[in-house]
Amino acid sequence: MPGSVSTKPSIDELRRRFGYDHNAPLDFKEVSVIHRDGVRIHDITYASPKSGRVTAYLVVPARRGRFPSVIFGHWSYGTRTEFLPEAMLYAKAGVVSLLVDDLGARPAPWRRNAQINEPQAIRENFIQSVVDLRRGIDVLRARSDVDPDRMAYVGHSSGAHWGAILSAVDRRLKTVVLMAGVPSEATIMLGSDDPDFVIFRQNTPEEQQDNYLRIINSLDAINYVPHAAPTPLLFQFARFEQYFNEAAMRRYAEAASEPKVVLWYDTGHGLNDVQPLIDRANWLRKYLRMKPVAPILRRMLSR
């Protein structure tokens, strides 16, 4: 099908696509603060360079210092709560984390949803999701308790897709972790045996599928990871992935620039096991010079 072939734009074009005004006001606002066992969880919003406001949690160690930081990106329609336990764990190790709500999960009037028959709107929402994360980097860098030279990104599923793009277009990140990422929209839309995608293919005319992919495929993650260098990439894949096959995952990882590491786990798409968490933490420690989380995790589990 014509729509299944990804275009290969230049790196300059890729960066322009996700550009924004870095000098625009952040308009940072704090709604409330929750204190939890040596951690502060700030309920915040900041202005999106595209439209509306970004709702997020800022998770901060309850002590003074100049800390490394991590931005977390969740799966599709996820909220800022997906990585909250991990961010709280990292805060105990001396890390500031930013966790944002998906465009489709933000409160009105800032929520943006689009259906499969609105590919241009889906494309614009996707671009905004990446730009809002780039603006999140600005939010962190504006803080006196954040070391701007020790910043990382961790993304899961759709969040991994955004992370693939960030690795190519934003050089402010020391490393990027891509969890259960898919190389292209066509991989999952045309090749997945998940029942929802099977039904979609059965009920959607080929012409509409082609049109959707023609509009969306320039945003495919596999177009961006070849441009990540010198940013190190950690790929975390599930051996029991239910949305795409191992061949697609290997093709994705092989396309990425060096340095990179690829790890596999006996889980499903959620990667909901302690080993992926430990591996992420060890990877981040290497590049962010953060404290080890294993002793903290052992103390928490022994309670």
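## Close-up views of a predicted model

The accessible surface of the chain comes to about 13,200 Å², and carbon and sulfur atoms hold 51% of that area. Please keep in mind throughout that this model is predicted.

**Figure 1. The whole chain, with its 10 helices and 9 strands.** The radius of gyration is 19 Å, close to the 19 Å that the globule rule gives for 303 residues, so the chain is as compact as a globular protein of that length. Its C-alpha trace spans about 55 × 40 × 35 Å along the principal axes. Of the 303 residues, 56% count as buried. Among contacts with a separation of 6 or more, 73% come from residues 24 or more positions apart.

**Figure 2. F72 and Y90, one of the 9 aromatic pairs found in a search of the whole structure.** The ring centres of F72 and Y90 are 6.1 Å apart and the planes meet at 25°; planes under 30 degrees apart count as stacked, so this pair is stacked. Which elements does the pair link? F72 belongs to strand β4 (residues 67-73) and Y90 to helix α2 (residues 84-92), with their positions 18 residues apart in the chain numbering. F72 is buried, with a relative accessible area of 1%, and Y90 is buried too, at 0%.

**Figure 3. The stacked rings of F235 and F237.** Here the centres lie 5.8 Å apart and the planes are at 20°, so this pair also counts as stacked. Both F235 and F237 are buried. Together with Y252 and W264, these two residues form one aromatic cluster.

**Figure 4. The surroundings of Y252, a residue of the largest nonpolar core.** That core has 52 residues, and F18, L98, F235 and Y252 are those with the most contacts inside it. Helix α3 (residues 119-141) gives the most to this core, with 8 residues. Leaving aside residues up to four places away in sequence, what does Y252 touch? Its partners include A160, A164, L178, G181, V182 and P183. Also among them are A221, I222 and V225, along with F235 and F237.

**Figure 5. Members of a second, separate core.** This core has 35 residues, including V59, V95, A238 and L284.

**Figure 6. Two charges placed over aromatic rings, at Y57 and at W283.** How far is the charged end of R80 from the centre of the Y57 ring? The distance is 4.0 Å, with the charged end of R80 sitting over the ring of Y57. In the other example, K286 lies over the face of W283, at 5.7 Å from the ring centre.

Technical notes
Residues are numbered from 1 along each chain as its sequence is written. This is a predicted model: local features need pLDDT of at least 70, side-chain atom pairs count only at pLDDT 80 or more; totals for chains, interfaces and linings use all residues. Side-chain values use heavy atoms; hydrogens and water are left out. Rings of Phe, Tyr and Trp (its six-membered ring) pair if their centres lie within 6.5 Å; planes under 30 degrees apart count as stacked, over 60 as edge-to-face and the rest as tilted. Helices (H or I, at least four residues) and strands (E, at least two) are DSSP runs, numbered from the N terminus. Buried means under 20% relative accessible area, exposed over 50%, partly exposed in between (1.4 Å probe, protein chains only). A charge sits over a ring if NZ of Lys or CZ of Arg is within 6 Å of the ring centre and within 35 degrees of the ring normal. A nonpolar core is a set of buried Ala, Val, Leu, Ile, Met, Phe, Trp, Tyr and Cys residues joined through side-chain atoms within 4.5 Å. Contact means heavy atoms within 4.5 Å. The radius of gyration is taken over C-alpha atoms; the globule rule is 2.2 Å times the number of residues to the power 0.38. Accessible areas come from the Shrake-Rupley method with a 1.4 Å probe; for residues, only the protein chains shown count as cover.
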